Amino acid sequence: MIYSLVGYYSLIIGLIIGLFLFYFSYKNFNNSNILNTKILSFSFLQLFFVVISFLCLIFSFIVSDFSNETVFNNSHTTKPLFYKISGTWGNHEGSLLLWLLVLTLFIFLFLVRTKNQPVKYKILTLVFQQIIIVGFFLFLILTSNPFNYIFPIPTEGLGLNPILQDPALAIHPPILYLGYVGSSIIFSSVLAATSLKIISTNWAIHIKKWILISWIFLTLGILIGSIWAYYELGWGGFWFWDPVENVSLMPWLALTTLLHCILVLEKKSILTSWVIILSIATFTLSMCGTFLVRSGILNSVHTFANDPERGLFILVFLFILIFLSILIFFFFHKDNDKKSFSFFWLSKETSILINNWFMMYFLSVVLIGTVYPIFLDVITSQKISVGPPFYHKLIIPFLIPFLLVMAIGPNLKWIKSQLEDKIYLISFLIISILLAFLVLKNFNQNILINTILISSALYLFFITLRDFFVNKYKNISQNIAHFGFSLLILSILFNNLFASEIITNLKVGEIFENSKTKIVFESVDQKKEQNYNAIIANFSISNPNGEEDRLSPELRIYNQPVIATSEADIKTTLMSDKFIVINLVQNQDFFNVRYQVKPFMLWIWLSVILISFGGIISFIKKRS
Amino acid sequence: MKNKILPFIIIFIFGIIFVIFYKGLEDSKIYTPDINAKKEIPDFNTKEFFSGENMKSSNIFDLDKIYLLNIWSSWCVPCRQEHSFLMKLNSDNKVNIIGMNYKDNFKNAESFLKELGNPYKKIFIDLDGTLSIQWGAYGVPESFLIYNNEIIKKYIGPLNQELVDEINLLIK
């Protein structure tokens, strides 16, 4: 009760502070060359009140205060404490409060950490960020108040969706948001820098750190979401091209491209238009993603409640931001790239530019695949759904040149490069093709495209591996990230090519056997936990080499709300995952059993961690 | 000159996107669009559920009767939910309910019907999901109201009391 009250009024105070900040910024901007200390302290106060509000919501969840509508809708007394807390952001209102928390946290950190930049720039960044913050305050207070009362007070809550009761999913939103919402600071600062015309090498060095933070968290956030989907949804895949996944992938693509443009800007002060547009695009795509999944225009796991009023608010707000940035871009930005600048065809910046265009292409494929069904529905009233084949067909062929440029590019020099002493580039290519052919020789399906794909991924792999030894610690972050990417592509390809699956119905005690695998359904146990009851099936799976694994998938029946879920049991080894999941067939004593062997699964996760590790190193590395 | 026009073009494009999203928002709650209404039912060959004998679509649907084609599956949880409504509709005897068993295993499907009852006048099978594609179905469960070999209305997702009332109103 008291928590809701404190939480709600903290939000109102936060909003008022936001308005004060506009006023201070206006005064400070015109009159002084030193940052007013009031601005700093008020930003801190705003952050403080948002934190208070957020803590209040967490406490309401912990004490199961069902007079709060959000808690009532998403919690239950029998839930373990951990999921009571994570339930705070497992719903629309709470996750928006988290948005706000990240927004205010980042602007405060920005003001504190930014040195050696003009005061006007800092103030203007604050103003643009406050526009976003105030927008979200209004959105939260007007349409999605997390502290709504219900009376009479219910004695019990409705419970959290069981598929969200999972450790990976408890940390997925905060991590993802740090990247997703963190990109707002890039947006604000790029608008400020464009307005003041201070986009330069110096600015690039300063903003690069912020881009890296967002990028690292976004990468890790997507990874955790993907791991969760792999073991929890029980489909045995890790990426489904679901709209929700796409809306996190799009900012990631834009952000990755931006990261590379910033590197060029840092060295040569060119590509400024790229940097500005990509910075705007990244945050706009994040907002657009929020709009798509929260308004109910697309249906997905993340669509918590379909309220058109909410959708309309974000939509209008999103387009205000878009128009604002377009105006600023065209009004203030004069392309200074014109100073007799030309790209030499064989240089680092040319290769970055080529791959930027490829990234833009991938981005547009994902964007079109995600929003095209909406457009078609509105214009022609036709309903279509766009599935994995669309993305695979359009993306995979273009990965080949992309990978090649990615391998060669870092080995070229800035401005102009020669082809002498680059014989190793050719020899590695031949080795990769031969190796890929040897691996795939015994496969008859699509041998040509797969050989080319795998050889280009292998090529990147070998080249980056060589760079580790030749270049020593020069560009180590880039090298690690690119090496990780080659591993990622290789693992995904092998994972797809060599996966195998068995689907069968088995009773307890029965045995399934084919030439490669023997599945014995040994026994069934029961388990009773605080928030669910489970049936555990014990399987022993062996192959002709005499290796034996014991796997125990579960069927869980959660009590609040009553939902049955299948928990896959996965045995992860270095080279492959064994994945088994069971389903109950009504009124039958047999279970539907699905057993999959997925090679290189672990490597997919590891390579993404490696990619973000490259970002982390770049972040902590001191400039030489 | 070129640079003067460009901003307007871009703003115009985003304006259009805004309008489309806005329109999309209005429709977003309607999950059962009646745009597919008055469409001829497809012509197809299939197998009868219990006997496994070949069947033709023309033998299933007669011209002057009202049918409710229901796509279901034993593994589909929402199908369980809506089953009681189908049973009720069947007992009212105003509409002939036809079942399309979607990507299912005979044993499981049979026990599903044994447990919950069989509201279907006829059941045919769609083993690989191709028939559903012909019908333009998105998934299970889904129901089509059919009269004179024309689809009058399509219901995506499980039926509930509200929709059953609507069906009763339509077939009056």
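This report walks through the two chains of a predicted model, from their overall make-up to their cores and one helix pair.

**The two chains side by side**

Let's start with chain A. Its secondary structure comes to 18 helices and 10 strands. With a radius of gyration of 26 Å, close to the 25 Å that the globule rule gives for 624 residues, chain A is as compact as a globular protein of that length. Lined up along the principal axes, the C-alpha atoms of chain A fill a box of roughly 85 × 80 × 50 Å.

Chain B has six helices and eight strands. If you follow its sequence, the elements come in the pattern α-β-β-β-α-β-α-β-α-β-α-β-β-α.

Here are some like-for-like numbers. The contact column looks at contacts with a separation of 6 or more, and gives the share from residues 24 or more positions apart.

| Chain | Residues | Buried residues | Share of contacts from residues 24 or more positions apart |
|---|---|---|---|
| Chain A | 624 residues | 45% | 73% |
| Chain B | 172 residues | 31% | 75% |

**What sits in the cores**

In soluble globular proteins, nonpolar side chains tend to be buried together. In this model, the largest nonpolar core has 151 residues. Leu100(A), Leu103(A), Val275(A) and Ala457(A) are the ones with the most contacts inside that core. Which helix gives the largest share of this core? That is helix H9 of chain A, residues 201-232, which puts in 18 residues.

There is also a second, separate core of 29 residues, and Ile60(B), Tyr102(B), Val140(B) and Leu159(B) are among its members.

Back to Leu100(A) for a moment. Leaving out residues up to four places away in sequence, Leu100(A) touches Val50(A), Ile133(A), Phe136(A), Phe137(A) and Leu140(A).

**A helix pair worth a look**

Leu100(A) also turns up in the contact between helices H5(A) and H6(A). H5 of chain A covers residues 92-113 and H6 of chain A covers residues 119-143; their axes are 10 Å apart and the packing angle is about 165°. Angles over 145 degrees count as roughly antiparallel, so that is how H5(A) runs relative to H6(A). The crossing of H5(A) past H6(A) is left-handed.

Which residues make the contact? On the H5(A) side they include Leu96(A), Trp99(A), Leu100(A), Leu103(A) and Phe110(A). On the H6(A) side you'll find, among them, Leu126(A), Ile133(A), Phe136(A), Phe137(A) and Leu140(A). Polar names show up too, including Thr104(A) from H5(A) and Lys122(A) and Gln129(A) from H6(A).

Key. Residues are numbered from 1 along each chain as its sequence is written. Chains are lettered from A and ligands numbered from 1 in the order in which they are written. This is a predicted model: local features need pLDDT of at least 70, side-chain atom pairs count only at pLDDT 80 or more; totals for chains, interfaces and linings use all residues. A nonpolar core is a set of buried Ala, Val, Leu, Ile, Met, Phe, Trp, Tyr and Cys residues joined through C-beta atoms within 7 Å. A residue is buried if 20 or more other C-beta atoms lie within 10 Å of its own, exposed if 12 or fewer, and partly exposed in between; C-beta atoms are placed from the backbone. Helices (H or I, at least four residues) and strands (E, at least two) are DSSP runs, numbered from the N terminus. Two residues are in contact if their C-beta atoms, placed from the backbone, lie within 7 Å. The radius of gyration is taken over C-alpha atoms; the globule rule is 2.2 Å times the number of residues to the power 0.38. Axes are lines fitted to C-alpha atoms, for helices over the stretch in contact, and angles run from 0 to 180 degrees between N-to-C directions. Angles under 35 degrees count as roughly parallel, over 145 as roughly antiparallel, 65 to 115 as roughly perpendicular and the rest as oblique. A crossing is left-handed if the near helix is turned anticlockwise from the far one by less than a right angle, and right-handed if clockwise.
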